[in-house]
Amino acid sequence: MLRLFATLCALILLSPMASASALYDELAAAKIKLLGTTRPGPGMGLWAQQTNERLMSLIEGKWIDLGYSDLTSEDNMNKYCDKFGESFKKLTDYSFDIIGPITRSKHAIHREYIFRTGISYNYRWNIEQQMEVLGRGNGKEILKNANGTSALLLMTPNTMLEIDFDFAQPILWGRCPTE
């Protein structure tokens, strides 16, 4: 009986320490994932530069919008990548291009992203290509959305979260397998 009482007391007393340690581990892991360090005040300028360099070093390849992708099997994912994968191409140390697949026109549509600050990038659509695909009658809508700003955060080397500030819409990008 005394042994049972001692065990229960130990569990009650030690359980907050265990959860505090788990909480610390969770918070430290989140800070490392986003800021790259557990140290205080990592310096936003340095953090922004490192974040952009990491993104630019990993951006090239074919990516898909996971929200619209068929991930019910690896074969379906590969088919989706082949048909709808968008090519991400580094242009400079501070910019890259997303080239959509040719689906409804003779030309792919380009969208250029240019580093702004932190994880924020300005983007601009090639409006002539968009008008060719969507029709000139949609010109006002195309022009209204020709430029924008997104936050881009690499979740892993193969997944990237994009939050479009204009549409307040998340896009979860996934890298396609290399050929």
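Leaving aside its neighbours within four places in sequence, which residues is Met 77 in contact with? In this predicted model, Met 77 sits within helix α3, which covers residues 74-84, and once the neighbours within four places in sequence are set aside, Met 77 is in contact with Ile 64, Asp 70, Leu 71 and Pro 177. Of these partners, Ile 64 is 13 residues from Met 77 along the chain, and the C-alpha atoms of the two residues are separated by 9.3 Å.

The wider setting is a barrel, which eight strands close in the order β1-β2-β3-β4-β5-β6-β7-β8, with antiparallel pairing. From one strand to the next, the twist averages 35°. Helix α3 packs on the sheet, where it touches β1 (61-65) and β2 (86-92), and the direction of the helix makes about 105° with that of β1. In general, the strands of a sheet pair through backbone hydrogen bonds, and the arrangement may be parallel or antiparallel.

One pairing within the barrel can be followed residue by residue. Strand β4, made of residues 110-117, and strand β5, made of residues 120-125, pair in the antiparallel sense over six bridges, and in this pairing Tyr 113 stands opposite Tyr 123 in β5. A link between side chains joins these strands as well, for Glu 112 and Arg 124 meet in a salt bridge with an N to O distance of 2.8 Å. This pair links distant parts of the chain, with Glu 112 in strand β4 and Arg 124 in strand β5, 12 residues apart. Arg 124 counts as partly exposed, because its relative accessibility is 42%, a value in between the limits of 20% for buried and 50% for exposed.

The structure holds three salt bridges, and the one just described is among them. Another lies in helix α3, where the side chains of Lys 79 and Asp 75 meet at 3.3 Å, N to O; because these residues are four apart in the helix, they are separated by about one helical turn. Asp 75 is partly exposed, with a relative accessible area of 45%. A further salt bridge brings together the side chains of Asp 93 and Lys 90, again at 3.3 Å from N to O. Here Asp 93 is partly exposed at a relative accessible area of 49%, and Lys 90 likewise counts as partly exposed at 29%.

The aromatic residues give another view of the structure, in which a search of the whole model finds nine aromatic pairs. One of them is formed by Phe 96 and Tyr 121, whose rings lie 6.2 Å centre to centre with 65° between the planes, an edge-to-face arrangement. Because Phe 96 lies in strand β3 (residues 95-99) and Tyr 121 in strand β5, this pair ties together parts that are 25 residues apart in sequence. Phe 96 counts as buried at 0% relative accessibility, and Tyr 121 counts as buried at 1%. Tyr 121 also pairs with Phe 115: the ring centres are 5.4 Å apart and the planes stand at 65°, so this pair too is edge-to-face. Both Phe 115 and Tyr 121 are buried.

These pairs belong to a wider network, since ring pairs link Trp 63, Phe 88, Tyr 94, Phe 96, Tyr 113, Phe 115, Tyr 121, Tyr 123 and Trp 173 into a cluster. Among its members are Tyr 113 and Tyr 123, the residues that stand opposite each other where β4 and β5 pair.

Key: Residues are numbered from 1 along each chain as its sequence is written. This is a predicted model: local features need pLDDT of at least 70, side-chain atom pairs count only at pLDDT 80 or more; totals for chains, interfaces and linings use all residues. Side-chain values use heavy atoms; hydrogens and water are left out. Helices (H or I, at least four residues) and strands (E, at least two) are DSSP runs, numbered from the N terminus. Contact means heavy atoms within 4.5 Å. Two strands pair if DSSP finds at least two bridges between them. Axes are lines fitted to C-alpha atoms, for helices over the stretch in contact, and angles run from 0 to 180 degrees between N-to-C directions. A salt bridge is a side-chain nitrogen of Lys or Arg within 4 Å of a carboxyl oxygen of Asp or Glu. Buried means under 20% relative accessible area, exposed over 50%, partly exposed in between (1.4 Å probe, protein chains only). Rings of Phe, Tyr and Trp (its six-membered ring) pair if their centres lie within 6.5 Å; planes under 30 degrees apart count as stacked, over 60 as edge-to-face and the rest as tilted.
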